[in-house]
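Trainee: Could you take me through one part of this predicted model in detail? I would like a close look at an aromatic cluster and the rings in it.

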Amino acid sequence: MFTNEVPVNYTFSPSSATPHLTINHDVAADLDSTGAFEGPEKLLEVWFAPTATTLPPTAPANGLKAVPSETWVGMLDMVNCKILSVLESENMDAYLLSESSMFVFPHKIILKTCGTTTLLLGLQRMLHIAAVHAGFPFHNANSIEDIRCAATPYRVFYSRKNFLFPDKQKGPHRSWKQEVKYLDDMFEGGSAYMVGKMNGDHWYLYITSPNQQALTPPRTPQSEAEENEFIARIPVGTGSFRTKLPGHQDETLEILMTDLDPENAKQFYLEHASAVASDKLAAEAQDARKQAIQSLGGLADTPDEVDVFSNGVESDLNTHTLEPIEELTTEGHALGTVVSESCGLSSVYPTTEYPDARVDAYIFSPCGFSANGVIPAAQTEGVPAKSEHYFTVHVTPEPECSYASFETNVPGGQSGRTTAEIIEHVVDIFRPGRFSVTLFQDKAQTANPYGMGGDDTKSWAANRLVDPVRGYRRIDRIVHDFEDYDLVFRFYEREGWAGGKSARVGEPL
């Protein structure tokens, strides 16, 4: 016999593959995902410079990464979410949040939140932090001491899928019209779009461009400004940046999935994850026992019982018992890692191709899953790879509101995997009844660095999504040709899917 029960003071190490992981135990202990949940996220991306190498002279060398994590807490409080853990790398910090994720680069911030979070209410504070704590220029105030002081963005993106439960939203998020008004009141030169069918699943996008002309409104006379308490909108893209940088590459792939297969969704329940972990430990213990017996050869009798957590001496582990909160939150991260590996998520960008890739995952009670991945950039000859790419996954598995999202900025074709292969890999994990794909890609790259496609009459983005997804039929396909970005939107439904045929639009038309 052998003992495979985990002692109460022995935990998985959440840092085994993530050496720069910091866990906020106090916040994680209070999480509970019980009840219907709005899975579709609000996604905000704010750029303060075109690249991490074109920061203004007033900013520190590491730009926004110089801002301590404690400083972001106040902004996230306005959004109504908390920091669970932080995965740090040289060129990016990945924050796992109680409601989704945040990524901080030297030159930009990506904030993605689900549920009834009030993401846009934190935008003004985000811009203020960028000016005060990261040294980015501002144009809407006379002094950095002014509480209204806000850094001038290079460009702004805001997007989301149509909500399932819009009546539960708060603040400016009760409708797309309200969100657009909120952004228009804040910025000059923004444009709003709805992509997809009005009476079906669709995707919203708000975007500003650094190429807008006459972005700063005429100065109001001081007397009139004081009388009316005039506050000018924040200009966008007024810096002297080059808008297109040779060799610079920016793209985002987003897969938004609903109506998950119930069997696949079970993987993201805490009870199931615990069972998988127990089986995994039992298998490892059995294997360790076999190896131990083989190493003894015929020189020793087979032991009646082997304790795989004991080496025959008193361990320091026995002298330190985890606090209840620490034990609970360590379990959430440890079981999140188990789920990430068992469901196939960790192999989307496998360590065989990306040896320095790291994943920070968390499973909620009683269900729900979030993960951030830090993926190294492609290594060129003589130049070390830098971890500046990411992926993020969030899952709401309950059948009445099942939803999963996958987002990445890893360039398509890197290490030989096409965009279509990544899509199929992710979709196979969840087997959704329906899903949409958006590929948003800049036009700064004049040639495909991975040798994919060759039709100059079409955008590279459009060419990359011509392949079908096995087991699914395409319902919708839309291509947008923006001034400096291409957008491809596709919507799919699983072949033979027995779900309802009417789309869950959720929001009034």
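Mentor: Let's start with Y485, which is buried at a relative accessible area of 4%. Y485 belongs to one aromatic cluster together with F157, Y193, F440 and F482. The structure holds 18 aromatic pairs, and two that involve F157 deserve your attention here.

Take F157 and F440: their ring centres are 5.6 Å apart with 90° between the planes, an edge-to-face pair. F157 sits in strand β8 (residues 155–161) and F440 in strand β17 (residues 432–442), so this contact ties together parts that are 283 residues apart in sequence. Both rings are hidden from solvent by the usual cut-off, because buried means under 20% relative accessible area: F157 has 6% relative accessibility, and F440 has 10%.

Now turn to the pair of F157 with Y485. The centres of these rings are 5.4 Å apart and the planes meet at 80°, so this pair is edge-to-face; planes over 60 degrees apart earn that label. Here too distant parts of the chain are linked, since F157 is in strand β8 while Y485 is in strand β19 (residues 485–494), 328 residues away. Put together, F157 of strand β8 pairs with F440 of strand β17 and with Y485 of strand β19.

As for disulfides, a search of the whole structure finds zero. C401, for instance, is in no disulfide, and the nearest cysteine sulfur, that of C367, is 7.9 Å away. C401 is buried, with a relative accessible area of 0%.

Technical notes: Residues are numbered from 1 along each chain as its sequence is written. This is a predicted model: local features need pLDDT of at least 70, side-chain atom pairs count only at pLDDT 80 or more; totals for chains, interfaces and linings use all residues. Side-chain values use heavy atoms; hydrogens and water are left out. A disulfide is a pair of cysteine sulfur atoms within 2.5 Å. Buried means under 20% relative accessible area, exposed over 50%, partly exposed in between (1.4 Å probe, protein chains only). Rings of Phe, Tyr and Trp (its six-membered ring) pair if their centres lie within 6.5 Å; planes under 30 degrees apart count as stacked, over 60 as edge-to-face and the rest as tilted. Helices (H or I, at least four residues) and strands (E, at least two) are DSSP runs, numbered from the N terminus.
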